[in-house]
Amino acid sequence: MAAQGGVLFQEKVSRLLSRQGGKPVLKPNRPLTLQDSVANRKLKKGEATCITEMSVLMACWKQNNFVDSLCSNEMNTFYSCVKKAQAAMKNKSEQTSIQGGRLHPKQATALLKRYPNQHTEI
């Protein structure tokens, strides 16, 4: 039944694209070729890290009227967590660049401009 639906859909598309009276029924508003650039979107940021350590540090500051010397233990814990998180992020970014992963949009655009597509419709 699913195959029959696919065949019916293909027939309908071919009928709409066929020429009736010399003009195609569906006319694309852009040429049907790939562009030589990629949309410049920001990559998704990872989840927030060290939230609990930061909240413990802020609670300590609030209890001690924002005196840093009384909250040195919490500050050290927070900074060590931040260092671990930065090292993990750096390691992860190196791993994805080695494995391939996704290119940054600027890198993809540079590659597409270096090797442009042929601008002929199919």
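Q: A disulfide is a pair of cysteine sulfur atoms within 2.5 Å; what makes Cys50 and Cys81 such a pair?
A: Their sulfur atoms lie 2.0 Å apart, which is within the limit, so Cys50 and Cys81 form a disulfide. The model is predicted: local features need pLDDT of at least 70 and side-chain atom pairs count only at pLDDT 80 or more, while totals for chains, interfaces and linings use all residues. Residues are numbered from 1 along each chain as its sequence is written, and side-chain values use heavy atoms, with hydrogens and water left out.

Q: Why is the disulfide of Cys50 and Cys81 called left-handed?
A: The torsion about its S-S bond is about -95°, and the disulfide is therefore left-handed. The two cysteines belong to distant parts of the chain, 31 residues apart: Cys50 is in the loop between β2 (23-24) and α2, and Cys81 is in helix α3. Helices (H or I, at least four residues) and strands (E, at least two) are DSSP runs, numbered from the N terminus.

Q: How do you know that Cys60 and Cys71 are also bonded?
A: The sulfur atoms of Cys60 and Cys71 are 2.1 Å apart, within the same 2.5 Å limit, so this pair is a disulfide. The link is left-handed, with -95° about the S-S bond. Cys60 lies in helix α2 and Cys71 in the loop between α2 and α3, so the bond ties together parts that are eleven residues apart in sequence. The count comes to two disulfides, and they follow the pattern 1-4, 2-3 when bonded cysteines are counted along the chain.

Q: Why is Cys50 called buried?
A: Buried means under 20% relative accessible area, exposed over 50%, and partly exposed in between (1.4 Å probe, protein chains only). Cys50 has 7%, which is under 20%, so Cys50 is buried. Its disulfide partner Cys81 is buried too, as are Cys60 and Cys71.

Q: What is noted about the phi of Cys50?
A: Most residues other than glycine have a negative phi. Cys50 has a positive phi of about 60° although it is not a glycine. Phe66, in the loop between α2 and α3, likewise has a positive phi, near 60°. At 60% relative accessibility, over the 50% limit, Phe66 counts as exposed.

Q: What makes a group of residues a nonpolar core, and which residues form the largest one?
A: A nonpolar core is a set of buried Ala, Val, Leu, Ile, Met, Phe, Trp, Tyr and Cys residues joined through side-chain atoms within 4.5 Å. The largest has eight residues: Cys50, Leu57, Cys60, Cys71, Met75, Phe78, Cys81 and Ala85. Helices α2 (51-63) and α3 (72-99) each supply at least two of them, and the largest share, four residues, comes from α3.

Q: Which residues does Met75 contact, leaving aside its neighbours within four places in sequence?
A: They are Leu57, Trp61 and Asp68, where contact means heavy atoms within 4.5 Å.

Q: How do you know whether Thr109 is buried or exposed?
A: Thr109, in helix α4 (residues 105-114), has 15% relative accessibility, which is under 20%, so Thr109 counts as buried. Not counting residues up to four places away in sequence, Thr109 touches Asp36, Ser37 and Val38.

Q: Why is Tyr115 called exposed?
A: Its relative accessibility is 57%, which is over 50%, so Tyr115 counts as exposed. Tyr115 is found in the segment after α4.
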